[in-house]
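Grab a coffee and work through these short exercises with the viewer open. Try each task before reading its solution.

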Amino acid sequence: MLQIRDASVTFPASDGSAVHALDHVSLDIAPDSIVVAVGASGCGKSTLLNAIAGFLPLTEGSIMLDGEEIDRPGGDRGVVFQKDTLLPWASVVDNVALGLKFAGVAKTARRERARELLDLVGLADFADKPPYELSGGMRQRVGLARALATDPKILLMDEPFGALDSLTRETMQQLLASIWARTGKQILFITHSIEEALTLGTTVVVMSPRPGRIVARFEAGFVREFAETGDIGPILSDPNFIQLREEIRALIHRPAGKGTLQ
Amino acid sequence: MTLAADPRAVFTHVQPAPKLRRQLTNEPIKSVSSGTLLISTITLLALLALWFVATQLGWASPLFLPSPAEVLTQFHAVAIDGYADGTLIQHTLASLGRILVALAIGVVLGVPLGLLMGLNRWIRGTLSVPIGLYWGLPPLAYLPLLIIWLGIGESSKIVLLSLSTFAPICFSAQAGVRSVPAERINAALSLGATRLRLFTNIILPSALPEILTGLRIAVAAGLSCLVAAELIAARSGLGYMIMSAANFLSTDVVFVGLILIAILAFLFAIGMRWLERKLVPWKGKI
Ligand SMILES: Nc1ncnc2c1ncn2[C@@H]1O[C@H](COP(=O)(O)OP(=O)(O)OP(=O)(O)O)[C@@H](O)[C@H]1O
Ligand SMILES: [Mg+2]
């Protein structure tokens, strides 16, 4: 269980003023849920994720994971970045095994586990290749496998599929949904795409910029159906889906400075 | 000749041109480097031919420009009988020994200090001042000072050369550490890396390409310092041989020395390329 309480992050801007990237945000991420944060560029989504990952200190408030305060990066929170951060000098399997290496797992054992995970993301045949011989989508799958290898309590994903073409993106969404259905891992997922948010989230939170706040929260169940059927078509044409999508779109495109919802 | 005999023959007329085919299959395109190799070889031969013609037609007096044949004869003579208190091999080994020792000192001191400077603000702030100060000076300007301090023996030359190889290696190691992408470090930390693991598994390999670039610069700086120092103060080495020959206007021996230094520089360049291929084959990827 991840609990975010009144979290604020303020950056000093170059002109001396303060940027309220996050303003008193509270959010719970329960086990077995996928929380997707969606919002316009600059509304503090990455700031929120980086604070949970421990890359960024909070100015105010607290973040607790299973009752423990977060103040630095750690292996209990797996991160998948938008840009892949694989090590070019290590083979794909050793990249996936990196976290296990840090945890002191012996070489053969960690490679065996890494191969299982590569199998899970459908890249078993690429285990011994260097990462730069893989396509962007494949690298993102390796990044996902690497984050899963140490079995973290929560998975943090900052626009992981943002740079992918729409076909690859859909495959990756299917993969994530099926992995979630199998492992029940709690996930925080960040995206620009409202459709992606609704397809993947059990909970969708909408954020607004300046100051960065959560302005609305929706419960959605489409990901269960998606994980089962692997077919996005019927979901996209579901009247409930369309209604939610339009509601969220209206929220995001509402002109700034007109007050908040709720 | 029947087409059916060799099934591949049927398709020969639709196969793409060799150049195109090489791009279609994934084999590396070598034509770029071998293409320049051919051009460079031709240029080199043309220069040699020009040299030959110039001396043959007497464009310049042999005192200024000895003929290739004379240089070759001298080469042989210096190699066997020696010149300026040593054979060619001895002079070459003396020079080579100096630069290798200086490179070793530069690496042993420069890499760890550079890494520390990259990691720690205080060390960087403190050390960058003296290193920056002396690195800005032309080495030959402070060679006299080194000779006053250390005498005219080997030590003043080794110190001079080590100073010239140390700075580029140190600065590049520092730059290598500073250029590690923040996301790569964050990724490692969220995979549970300790500080030591972060350094050995992430920062050091990330900095390696930069360190090798620094080594390349160090080789060039060391070579130019080496010969200059030997011209001024030495009892052996290719620079010393060249200077002695020049004093007696033995231009042909000067040429022998120059050619050997050129060969030495060329071999170092090949060695560096080999080292990069061995250590950082992934350089520039991702
Ligand atoms: N290091 C920083 N220094 C100053 N301001 C920052 C810094 N990082 C982010 N900001 C500001 O904080 C706000 C939120 O940034 P953040 O990166 O969290 O947005 P985002 O929602 O992730 O945007 P995007 O969708 O474009 O990635 C922005 O206004 C940004 O300008
Ligand atoms: Mg962002």
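A nonpolar core here is a set of buried Ala, Val, Leu, Ile, Met, Phe, Trp, Tyr and Cys residues joined through side-chain atoms within 4.5 Å. Keep in mind that this is a predicted model.

**Exercise 1. Find which residues of the largest nonpolar core touch the most other members.**

Solution. Start with the whole set: the largest nonpolar core has 56 residues. Next, pick out those that touch the most other members: Leu144(A), Met157(A), Phe189(A), Val206(A) and Ile248(A). Then ask which element gives the largest share; that's helix H5 of chain A, residues 136–149, with seven residues.

Now zoom in on Phe189(A). Skipping neighbours within four places in sequence, its contacts include Met157(A), Ile34(A), Leu176(A) and Glu196(A). Finally, look for another core: a second, separate one holds 44 residues, among them Ala102(B), Ala167(B), Ile169(B) and Ala193(B).

As background, nonpolar side chains in soluble globular proteins tend to be buried together.

**Exercise 2. Describe how chain B and chain A meet: how much area do they bury between them?**

Solution. First, the area: about 2000 Å² is buried, with 70% of it on carbon and sulfur atoms. Second, the polar side: two residue pairs are in polar contact between chain B and chain A, and the rule finds zero salt bridges across this interface.

Third, the elements: on the side of chain B that touches chain A, helix H9 (182–189) and helix H10 (195–232) of chain B each give two or more residues. H9(B) gives the most, six residues. Fourth, the make-up of that side of chain B: ten nonpolar, five polar and four charged residues.

Last, the head count: 22 residues from chain A and 19 residues from chain B take part in the contact.

Terms used:
Residues numbered from 1 in each chain as written. Chains lettered and ligands numbered in written order. Predicted model: local features only at pLDDT ≥ 70, side-chain atom pairs only at ≥ 80, totals over all residues. Heavy atoms only, no water. Contact = heavy atoms within 4.5 Å. Buried area = accessible area lost by both parts, 1.4 Å probe. Salt bridge = Lys/Arg side-chain N within 4 Å of Asp/Glu carboxyl O. Polar contact = N/O pair within 3.5 Å; in protein donor to acceptor, adjacent residues only side chain to side chain. Helix = DSSP H or I, 4+ residues; strand = E, 2+ residues; numbered from the N terminus. Nonpolar A, V, L, I, M, F, W, Y, C, P; charged D, E, K, R; others polar. Buried < 20%, exposed > 50% of the residue type's maximum accessible area, 1.4 Å probe, protein only.
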